[in-house]
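Trainee: I would like a close look at one part of this model, the salt bridges. Please take them one by one and then place them in the chain as a whole.

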Amino acid sequence: MRQLFVNGAWVSSASGEGVDVVNPATEEVVDRVPAGAADDVAEAVTAARRAFPRWSATPPEERGAVLARAAELIEARARTIAEIIATDMGAPLGFALRTQTLMPAGVLKTFAGMAGRQAETTRVGNSLILREPVGVVAAITPWNYPLHQAVCKVGAALAAGCTVVLKPSEVAPLAAYALTEALEEAGLPPGVFNLVSGHGRTVGEALAAHVDVDMVSFTGSTAAGRRVAALAGDTVKRVALELGGKSANVILPGADLETAVKAGVGQAYSNAGQTCSAWSRMLVHWDQYDEAVQMAVAFSRKYVVGDPFADDTRIGPLVSRVQRDRVVRYLNVGQEEGARLVAGGTEPVHERGYYVEPAVFAGVAPGMTIEQEEIFGPVLSIVPFGAVDEAVAIANGTPYGLAGAVWARDEEQAVAVARRMRTGQVAINGGRFNPLAPFGGYGQSGVGRELGEAGFDEFLEVKSLQM
């Protein structure tokens, strides 16, 4: 069994218990990590608290240099780390390499270069405005992008001068260990970064409630986010939440329909649909609706479901039996409520593994369960609309507001509609994801931002000195 990383050393958990790491493609146990206890959290937080004065006083260029070395180590080990991610959460190897490993390595480099922002000062009248690290940060991360989500929090926090306790998802924790090894080898001082694996109800809740944790940065479900916020509220600590989504892909009349549908299907199925910002709702005008449905079905059939290590695989397994069963339930509910399942099904795709065939629903009406709730699987709902105002209302008609897309004849029209969407990111006519731009949502999609300067600034306090 692996160990925890506390105060610069690998140590056993006080619980003596472990959590099996299961390969979702084979259903076999491939590793085991500690099921951390509240005592482990206390030791890790104490180590982070003791390390904070020295790390926060370390010149920003030195902090940045350590993070840059860690990023280089991740790049050098990218293939190995991608294989780890493909094994413990099921992402196809090519996707695991490009998006799950090399992209976060680049993000870590970006944060390394931003370390100097913490030392920047401004003057307003007779006041000098300073920015200081918030303190000890609890980073609680999910299983769907296990390295990227950790880097978004840990990289920004460390660059800002904070110290960190990372709690990765117990479902896919191995990438967090790879990050820990890189940070240790890069020369991070003891206590600055700590890793405590285990269950959310034990480790996550203990971190959120701990009086010596100054900030909790959490990514996960909206329900879990509410719990984290409630626990953190007792000590009035800062909370950043990146939660669920039900993003709309709005295809306006006059747009390139085939391009929009093809891109929309691909984005909805990326990472087997296990992406909080997935465009899981495709909104199409009635005049083009049937054509769009036919295109979506045809494109969906090109997505080969299989072994993450096979060259032709485009969709791997879902991360766990629980997640697969959840998606199958939604497929059944959608049909029970009157939507038509025109691609995909509920039957097992392979004899072993947590696979689900990519699905397309037609005849989806606003308010249906599959139109309102985050499914977190390769399921696309196609919703018709009659006017632009109706499309905007449908797009804004869920509790979420994380991402979305607009396709139109020209950029001006697309931007006009995007401005009316209550969501944190909108892709215009296929605009690519930008890891330098702020990422986060409105409504029940969360509080705060990750990535870019806005993501860095989440980990800073602001102080004014009146001169």
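Mentor: What follows goes through the salt bridges and then the chain that holds them. This is a predicted model, in which local features need pLDDT of at least 70 and side-chain atom pairs count only at pLDDT 80 or more, while totals for chains, interfaces and linings use all residues. Residues are numbered from 1 along each chain as its sequence is written, and side-chain values use heavy atoms, with hydrogens and water left out.

A search of the whole structure gives 19 salt bridges (a side-chain nitrogen of Lys or Arg within 4 Å of a carboxyl oxygen of Asp or Glu). One of them joins Arg 227 to Glu 205, with 3.1 Å from N to O. Arg 227 belongs to helix α8 (residues 222-233) and Glu 205 to helix α7 (residues 200-209), so this pair ties together parts that are 22 residues apart in sequence. Helices here are DSSP runs of H or I with at least four residues, strands are runs of E with at least two, and both are numbered from the N terminus. Arg 227 counts as partly exposed because its relative accessibility is 42%, and Glu 205 is also partly exposed, at 25%. The cut-offs are under 20% relative accessible area for buried and over 50% for exposed, with partly exposed in between (1.4 Å probe, protein chains only).

Glu 170 and Lys 167 form another salt bridge, at 3.0 Å from N to O, and both residues are buried. In the pair of Asp 325 and Arg 324, the N to O distance is 3.5 Å. Asp 325 has a relative accessible area of 32% and is therefore partly exposed, whereas Arg 324, at 17%, is buried. Beyond these pairs, a network of salt bridges links Arg 117, Glu 120, Arg 131, Glu 453 and Asp 457.

Now the chain as a whole. The protein chain has 15 helices and 20 strands. Its radius of gyration, taken over C-alpha atoms, is 22 Å, close to the 23 Å that the globule rule gives for 467 residues, so the chain is as compact as a globular protein of that length. That rule is 2.2 Å times the number of residues to the power 0.38. The C-alpha trace spans about 65 × 60 × 40 Å along its principal axes. Of the 467 residues, 58% are buried. Among contacts (heavy atoms within 4.5 Å) between residues at least 6 apart in sequence, 72% join residues at least 24 apart.
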